[in-house]
Amino acid sequence: MDRLRHEGLGMTSQRTRNRLIQRLRDEGISSEEVLDVMASTPRHLFLDEALAIRAYEDTALPIGYGQTISQPYIVARMTELLLSRAKSRARVLEVGAGSGYQTAILARLVDKLYSVERIAPLLDKARERMRELGIFNVEMRLSNGGFGWPEQGPYDAILCAAAPASIPDELREQLAPGGVLVIPVGSDYQFLTIVTRSEDGSRFDVEKAEPVRFVPLLSGVVR
């Protein structure tokens, strides 16, 4: 990968990224491992060139096909919650790869990441970015996200980057005993929600963390 393109200039420089990281600290993100990974991950590579200068604003931005790259605070918050609750990082599922930014963050913090995306051109872009960044512990596939990837489960943790109206049973059932799901839930009003499966696998505990706004979790695939 071109080093200058990776490191960025001006509004995509490391100095600009560092200001974002300080803002995330000020907003309550306390996991230094999450902040370190975000500081060294070039968010501008996951956006179209016209939007790259806005990459280190703490805001969601469009990536086409009616989808967005999540606000950095939300990426950090969901990742921090997932890792703080997960008992293991051996097998993790991401639902909704988008252009791959959250994928790149998670992949550097877990042993093995499985990721599904329903829009083929976005999945192609995400795969290209993983290769470009030298991230090789991710398997990705085109799939209806709400169904997850049961063939590769069960998972120690699942992160979902789109909002269903209610928690999909398919995702809950793919959690290993003691596993955790972090997912935005709701239609008009959405809450970031934490679902923890009991150690014996018989019970799911549900906790609301904070209000959020995500694109809806849709069915079907787009080629």
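Me: Before we start, what counts as a salt bridge here?
Reply: A side-chain nitrogen of Lys or Arg within 4 Å of a carboxyl oxygen of Asp or Glu. Keep in mind that this is a predicted model.

Me: OK, how many salt bridges by this rule?
Reply: The count comes to 15.

Me: What does glutamate 207 form a salt bridge with?
Reply: Arginine 85, with the closest N and O atoms 3.1 Å apart. Glutamate 207 sits in strand S9 (residues 204-212) and arginine 85 in helix H4 (residues 72-85), so the pair ties together parts that are 122 residues apart in sequence.

Me: And are those two buried or exposed?
Reply: In between. Glutamate 207 is partly exposed at 36% relative accessible area, and arginine 85 is partly exposed too, at 31%.

Me: Switching to strands, which residue pairs with glutamate 139?
Reply: Lysine 112, the closest N and O atoms being 3.2 Å apart. This one also links distant parts of the chain: glutamate 139 is in strand S5 (residues 138-142) and lysine 112 in strand S4 (residues 112-117), 27 residues apart. Glutamate 139 is partly exposed, with 30% relative accessibility, and lysine 112 is partly exposed at 21%.

Me: What about arginine 129, buried or exposed?
Reply: Buried, because its relative accessibility is 9% and the cut-off for buried is under 20%. Arginine 129 forms a salt bridge with glutamate 128, closest N and O atoms 3.2 Å apart. Glutamate 128 is partly exposed, at 41%.

Me: Last one: which residues are linked in a network?
Reply: Arg77, Glu80 and Glu210 are joined by a network of salt bridges.

How values were computed
Residues numbered from 1 in each chain as written. Predicted model: local features only at pLDDT ≥ 70, side-chain atom pairs only at ≥ 80, totals over all residues. Heavy atoms only, no water. Helix = DSSP H or I, 4+ residues; strand = E, 2+ residues; numbered from the N terminus. Buried < 20%, exposed > 50% of the residue type's maximum accessible area, 1.4 Å probe, protein only.
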